[in-house]
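Biologist: Could you take a close look at one part of this model for me, the last helix and the loop leading into it? I would be glad to hear how that part sits within the rest of the chain.

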Amino acid sequence: YQCASIPGRGQVYGKTAIENWIRKNPGKTIDYILNPKKRAHVVIARGVSGLTDISILTEDFNHQCALHPSLKMKAVHIPISFHVNDTAMLEVHAEEIIGDWIRHMERHGYRFDQFIVGRHHDKDDKNPHFHFLANVVLDEGTRANLANIGKAAKEASISVTEQWGLT
């Protein structure tokens, strides 16, 4: 599971890590998330008009950001890591597992009207992982709640780990 939450199993949710998740330029993060060298693809998305074209995704994110032009930090990027023993389960149920992670976040007050979740396959033998990128600007131009998002992401990861019987 992890979502990088247990020491020794990826990144830990410290203040610095969370600050690094907040992005000024969603386009650069989209480039990274969909990097062909990482054999990447979008698993699930909301509020975007395409799933494969990086320029269209970037345009969609920038269009949404324009609703709140004074906001400096435009997006939040959360890596979600799993144990290598869960790779086979992720191959079959990635969309459902990540969907449950997102629903957990929503139940706890984290609303994102526009997001993508990309799956990287470059480290499946060591660290199967996903990248959640959400626009901080909501559809009506207000800012999404990011208070204690690291704690909430960790709790969401623990929840899906238990729910799905993951390692």
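Modeller: Happy to; here is the setting, then the helix and its two ends, and after that a few other places in the chain.

The model is predicted, with a mean pLDDT of 87 for the protein chain, and 86% of its residues reach 70 or more. Residues 1-19 call for some care: the pLDDT there is below 50, although the stretch has 47 contacts in the model beyond near neighbours in sequence.

The protein chain holds 5 helices and 5 strands, and from the N terminus on they are ordered α-β-α-β-α-β-α-β-β-α. Your helix, H5, covers residues 149-164. Of the 167 residues in the chain, 51% are buried. Among contacts with a separation of 6 or more, 75% link residues 24 or more positions apart.

Now to the loop before the helix. Asn-148 lies between strand S5 (129-135) and H5. Its phi is positive, near 55 degrees, in a residue other than glycine. Most residues other than glycine have a negative phi. Is Asn-148 buried or exposed? Asn-148 is exposed, because its relative accessible area is 60%, and the cut-off for exposed is over 50%.

Next comes the helix itself. With 16 residues at 1.5 Å a residue, H5 should span 22 Å, and its end C-alpha atoms are 22 Å apart, so the two values agree. The buried residues in H5 are Ile-149, Gly-150, Ala-152, Ala-153, Ala-156, Ser-157, Val-160 and Thr-161. An α-helix has 3.6 residues a turn, so residues three or four places apart point the same way. With that in mind, you can follow Ala-153, Ala-156 and Val-160 in the view, which are among the buried residues of H5. After the helix comes Gly-165, with a positive phi near 65 degrees.

Asn-148 can be set beside Arg-39, a residue other than glycine with a positive phi near 50 degrees. Arg-39 is placed in the loop between helix H2 (26-33) and strand S2 (41-46).

Finally, a word on empty space inside the model. The count is 1 cavity of 30 Å³ or more, and the largest cavity has a volume of about 40 Å³. Its lining is made of Arg-46, Trp-101, Ile-102, Met-105, Glu-106, Tyr-110, Phe-112, Phe-115 and Phe-132. Helix H4 (residues 87-107) gives the most to that lining, with 4 residues.

Note on methods. Residues are numbered from 1 along each chain as its sequence is written. This is a predicted model: local features need pLDDT of at least 70, side-chain atom pairs count only at pLDDT 80 or more; totals for chains, interfaces and linings use all residues. Side-chain values use heavy atoms; hydrogens and water are left out. Helices (H or I, at least four residues) and strands (E, at least two) are DSSP runs, numbered from the N terminus. Buried means under 20% relative accessible area, exposed over 50%, partly exposed in between (1.4 Å probe, protein chains only). Contact means heavy atoms within 4.5 Å. pLDDT is the predictor's confidence in each residue, from 0 to 100. The expected span of a helix is 1.5 Å times one less than its number of residues. On a 1 Å grid over the protein atoms alone, a cavity is a set of points where a 1.4 Å probe fits but cannot get out, and a pocket is an open set with protein on both sides within 12 Å along at least five of seven lines; lining residues have an atom within 4 Å of a point. Grid points are joined across faces, edges and corners, and a volume is the space filled by probe spheres set on the points.
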